[in-house]
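Visitor: Please take a close look at one part of this structure, the aromatic rings and what surrounds them. I am new to it, so explain each term as you go.

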Amino acid sequence: SRAVSLLRFVVSFRSVRACHGSGVRMMMAQSWLHLLTLVVGGLCGLAAILMCTKMNGYSTFMSSLGSSEEAVLDCDDSLTDTRKQSPDASFIPNPFALEVLKDLYDVEGLQMMGIRLDFDKLNQTWQGSAKAVADYAKSCGNRQSFQRLLKAGLTLSPFGMDFSKVQLHRHGPAEKNGKDVANDDDVRELRKVFFPTRANKFIWEVDTPHWYRVVPSFNFLARGVDMMIDSFRSNGFLKMDRWIGLDVDRLIHELGDAAPNKQGQAQAQKPPLNHDSLLAKLARGYVGSAVDYHGALRMTVQPFRKDYSNSPWHHDGCGKRLKAFIYLTDVDEHTPCTQVAAGTQHFHWYPTTHYFAGQQGHNKLNPKGIHRAFEPSITRMFGKVGGGFIFDTNTLHAADMDSKIKL
């Protein structure tokens, strides 16, 4: 097994700076602190999850409920529908229920962070939210609303919801402000109970509009760059055989001259990208606006899971932010590498999966659940020296530490 050495960049879209008020400033500052302490990013996702399975009491369903009239609840008060008195709400998940929480987390991954799962505390933390979802599901009108969203393409996973198909089905692909799905009447009611935290609100109000806006070309004379941006926006990540225009040897030299931080990792003193670089074009094209650069960090990852607390599956919990990696050594099946599953960049994640919500630090997710939900799209970010990848940190991602010994 071999260690890997790499360089990580962090960028965000500039408009985020105007949105740190009303109690969100501290949360976002903490999120950035957490973001900058991560070592190996990754990406996992799936563009469309059409079917989920039952996970230890977590009721899930096929996305299509059929077209029969029996599948549509009737809330006419003049009718004596027994479903009103004993509503069948099994198609509405309750991500805050204790039986769900027991299957949600990576126990070993949390232990690497010094966290021991205490289900009594978790239950106390989320029982109010669990009751809110249960009360939501008791309303026939809400059950109708949820069914309408399912028929419009709402995608569920044990970890969150994706409204991309709802956006396309109800509001079309071309939007000026990107806020239609967030302001959708059915979605607004759902948001109140499934996504009640300040972090959730921030992502809905600041990030979501950027997800669905049509992004004009920033590269009229470089169709190849536009094609890369299209792939990036579709998958939430883009692998690069080589970062064109970047002098890797110069970067290594610069980092070698930089003073190491407390973890022994040297940080670059100035941005290794300029306005016309490929990396900058990809970042601007993905977010559809100007971007801010937040630093570069060189790191070496040893091939032992216990030595890297951010190797378990997680999302970064701070919405639409980008990380780019430049490999300073080869990354292959014999080394640790980032794992990604294309498409989860537009998921709204339940608060139970966020680092700074509820019991702080509980964001390491059950790998069995991840693989059940996203297996077809999980991709390893292999690459050569000078190559790498860029990805959206809202995606689920992990580091594959099970490297094999090269004979």
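Guide: The answer starts with the whole chain, then follows the rings and the elements that carry them.

This is a predicted model, in which local features need pLDDT of at least 70 and side-chain atom pairs count only at pLDDT 80 or more, while totals for chains, interfaces and linings use all residues. Residues are numbered from 1 along each chain as its sequence is written, and side-chain values use heavy atoms, with hydrogens and water left out.

The chain has 13 helices and 11 strands. Helices (H or I, at least four residues) and strands (E, at least two) are DSSP runs, numbered from the N terminus. Of the 407 residues, 56% count as buried. Buried means under 20% relative accessible area, exposed means over 50%, and partly exposed is in between, with a 1.4 Å probe and protein chains only. Contact means heavy atoms within 4.5 Å. Among contacts between residues at least 6 apart in sequence, 84% join residues at least 24 apart.

Now the rings. A search of the whole structure finds 19 aromatic pairs. Rings of Phe, Tyr and Trp (its six-membered ring) pair if their centres lie within 6.5 Å; planes under 30 degrees apart count as stacked, over 60 as edge-to-face and the rest as tilted. One of these pairs is Phe96 with Trp126: the ring centres are 5.5 Å apart and the planes stand at 35 degrees, so the pair is tilted. Phe96 sits in the loop between helix H2 (82-85) and helix H3 (98-101), and Trp126 belongs to helix H5 (residues 119-138), so the pair ties together parts that are 30 residues apart in sequence. Phe96 is buried, with a relative accessible area of 1%; Trp126 is buried too, at 6%.

Another tilted pair is Phe194 with Tyr350, because its planes stand at 35 degrees, with the ring centres 6.3 Å apart. This pair links distant parts of the chain: Phe194 is in helix H8 and Tyr350 in the loop between S8 and H13, 156 residues apart. Phe194 is buried at a relative accessible area of 0%, and Tyr350 counts as buried at 0% as well. Both rings belong to a cluster in which ring pairs link Phe91, Tyr136, Phe146, Phe163, Phe194, Phe195, Trp204 and Tyr350.

The loop that holds Tyr350 also leads back to the other pair. Thr352 lies in this loop, between strand S8 (347-349) and helix H13 (367-374). Thr352 is buried, with a relative accessible area of 2%. Leaving aside neighbours within four places in sequence, Thr352 is in contact with Pro95, Phe96, Leu101, Leu104, Tyr105, Trp126 and His362.

Phe146 and Phe194, both in the cluster, also appear where two helices meet. The axes of helix H6 (residues 140-151) and helix H8 (residues 185-194) come within 10 Å and cross at roughly 110 degrees. Axes are lines fitted to C-alpha atoms, for helices over the stretch in contact, and angles run from 0 to 180 degrees between N-to-C directions. H6 is therefore roughly perpendicular to H8. Angles of 65 to 115 degrees count that way, under 35 as roughly parallel, over 145 as roughly antiparallel and the rest as oblique. H6 contributes Ser145, Phe146, Arg148 and Leu149 to the contact, and H8 contributes Asp186, Val187, Leu190 and Phe194. By class, this contact of H6 with H8 has five nonpolar, one polar and two charged residues. (Ala, Val, Leu, Ile, Met, Phe, Trp, Tyr, Cys and Pro count as nonpolar, Asp, Glu, Lys and Arg as charged, and the others, Gly among them, as polar.)

Aromatic residues also occur in strand S10. Five of the five residues of S10 (residues 388-392) are buried, so this strand is largely enclosed by the rest of the structure. In S10, Phe389 and Phe391 are on one side and Gly388, Ile390 and Asp392 on the other, and all are buried. Two strands pair if DSSP finds at least two bridges between them. Strand S4 (residues 237-240) pairs with S10 in the antiparallel sense over four bridges, and the bridge partner of Phe237 in S10 is Phe391. Strand S6 (residues 321-327) is joined to S10 by five bridges, also antiparallel; here Phe325 stands opposite Phe389.
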